[in-house]
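Please open the structure in a viewer and keep the selection panel at hand. The tour proceeds by selections, each followed by a description of what is found there.

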Amino acid sequence: MSFLSLESLNKEFGDFTAVKDMNLSIEQGEFISLLGPSGCGKTTTLQMIAGLLTPTRGKILLDGKDITKTPPNKRGLGIVFQSYALFPHMTATENVAFGLEMRGVGKVERMDRARAALEQVKLGRFAHRYPKEMSGGQRQRVALARSLVIEPPVLLLDEPLSNLDAKLREEMRIELRLLQQDIGVTTILVTHDQEEALSMSDRIVVMREGDMAQVAAPLDLYERPQNTFVSGFVGKTNLISAWAEAGAQGKSTVTVDGHVIDLPGKNLTEGENVTLSIRPEKFLMSREGRGHKVEVQASIFMGASWLYRVNSPMGELFVTQPNNGAAGYVKGDIAYLSWPDDAVTLFSEVA
């Protein structure tokens, strides 16, 4: 039996359906991310799990118990909001201890547990500071400690890193994931940030207009997307519309604006409209005359890599190449692109 189950979960606001018959099983200790653009239903789903919204239909089961109609304060779940919601007149220790006080825990025990929780998030020496005396990352960790100190069966994270700067956000991803793995608490993260979901999750639920577009482990989701939406939303990709031609057994060819491309290992029906997806980093780019001839239109240095926009017989493409210490291509340079046979993901839908 799954630890947390959403069964045919549905939420309607008048004529608008925010979440459509969602079925999801989450194992104990799993880190799940709900990923998608604004308005896709991810926050609504989290709020139903938290008890802040009542489902129109469906059930929420926690460790075999139906909690669909259980009030939020009776569910015992830990919640970290985007705003952190710390009490400005309380120290870090007092903020963390507040939830225990509401549960009737004695003063000595709750202060001991609060201090231990702050040590857990590496804030022991900031125990007596007020929120205004702490950085954004420190306040975020106080909010996290406050949620963890009650020993929740499930930790709910509503875009908790979105207010941090880029460098601190990356550091907190690592810290939060390591802490979650160490404690083993079942965690559900709401985010619109693909890198955040890919780097932190055991599985990712990609949502679109209230539906689950795909549920998979990060690597499977990235390398084997099930449709053009997931392919284009999770990471960068090049979506290329093509027309299938007749080919020998085990090999098909497609035509893109009159340009013929061989697709070994693909069996297509002649005349079929298809979409090819090729990740920018899958391309091999060289200055010698091998592969498809392209002209560099833009060159952007990213530190660890170069990002190029090129004109090709297949249309405009984005290409990522690792930084090997040498000078990159510049606008107007001629280059040649190739890619491994398994770099192409094929969709029967038209992009």
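Two helices count as roughly parallel when the angle between their axes is under 35 degrees. The model on display is a predicted one.

**First selection: helices α5 and α6**

Select residues 136-148, which form helix α5, together with residues 166-183, which form helix α6. Their axes come within 11 Å and cross at roughly 20 degrees. The angle falls under 35 degrees, and α5 and α6 are therefore roughly parallel to each other. The crossing of this pair is right-handed. To see the contact, display the side chains of G137, Q140, R141, L144 and L148 on α5, and those of L168, M172, E175, L176, L179 and I183 on α6. Classified by residue type, the contact of α5 with α6 comprises seven nonpolar, two polar and two charged residues.

**Second selection: helix α3 against α5**

Keep α5 displayed and add helix α3, residues 92-102. How near do the axes of α3 and α5 come, and at what angle do they cross? They come within 7 Å and cross at roughly 30 degrees, which makes α3 roughly parallel to α5. This crossing, too, is right-handed. The contact involves A92, N95 and V96 from α3 and V142, A145 and R146 from α5. By class, four nonpolar, one polar and one charged residues take part in the contact of α3 with α5.

**Third selection: helix α1**

Move to residues 42-50, helix α1. Is this helix mostly covered or mostly exposed? It is mostly covered, as seven of its nine residues are buried. The buried residues to colour are K42, T44, T45, L46, M48, I49 and A50. Extend the selection to G51, which follows α1 and has a positive phi, near 95 degrees.

**Fourth selection: an aromatic cluster**

A search of the whole structure finds six aromatic pairs. Select F301 and W306: their ring centres lie 4.9 Å apart and their planes stand at 55 degrees, so the pair is tilted. W306 is buried, with a relative accessible area of 17%.

Next, select Y308 and Y329, an edge-to-face pair with 5.4 Å from centre to centre and 85 degrees between the planes. This pair links distant parts of the chain, 21 residues apart: Y308 belongs to strand β17 (residues 305-312), while Y329 lies in the loop between β18 (315-322) and β19 (334-338). Both Y308 and Y329 are buried. Finally, display F301, W306, Y308 and Y329 together, since these four residues form one aromatic cluster.

How values were computed: Residues numbered from 1 in each chain as written. Predicted model: local features only at pLDDT ≥ 70, side-chain atom pairs only at ≥ 80, totals over all residues. Heavy atoms only, no water. Axes fitted to C-alpha atoms, helices over the stretch in contact; angles between N-to-C directions. Helix = DSSP H or I, 4+ residues; strand = E, 2+ residues; numbered from the N terminus. Parallel < 35°, antiparallel > 145°, perpendicular 65-115°, else oblique. Left-handed = near helix turned anticlockwise from the far one by under 90°. Contact = heavy atoms within 4.5 Å. Nonpolar A, V, L, I, M, F, W, Y, C, P; charged D, E, K, R; others polar. Buried < 20%, exposed > 50% of the residue type's maximum accessible area, 1.4 Å probe, protein only. Phe/Tyr/Trp six-rings, centres within 6.5 Å; stacked < 30°, edge-to-face > 60°.
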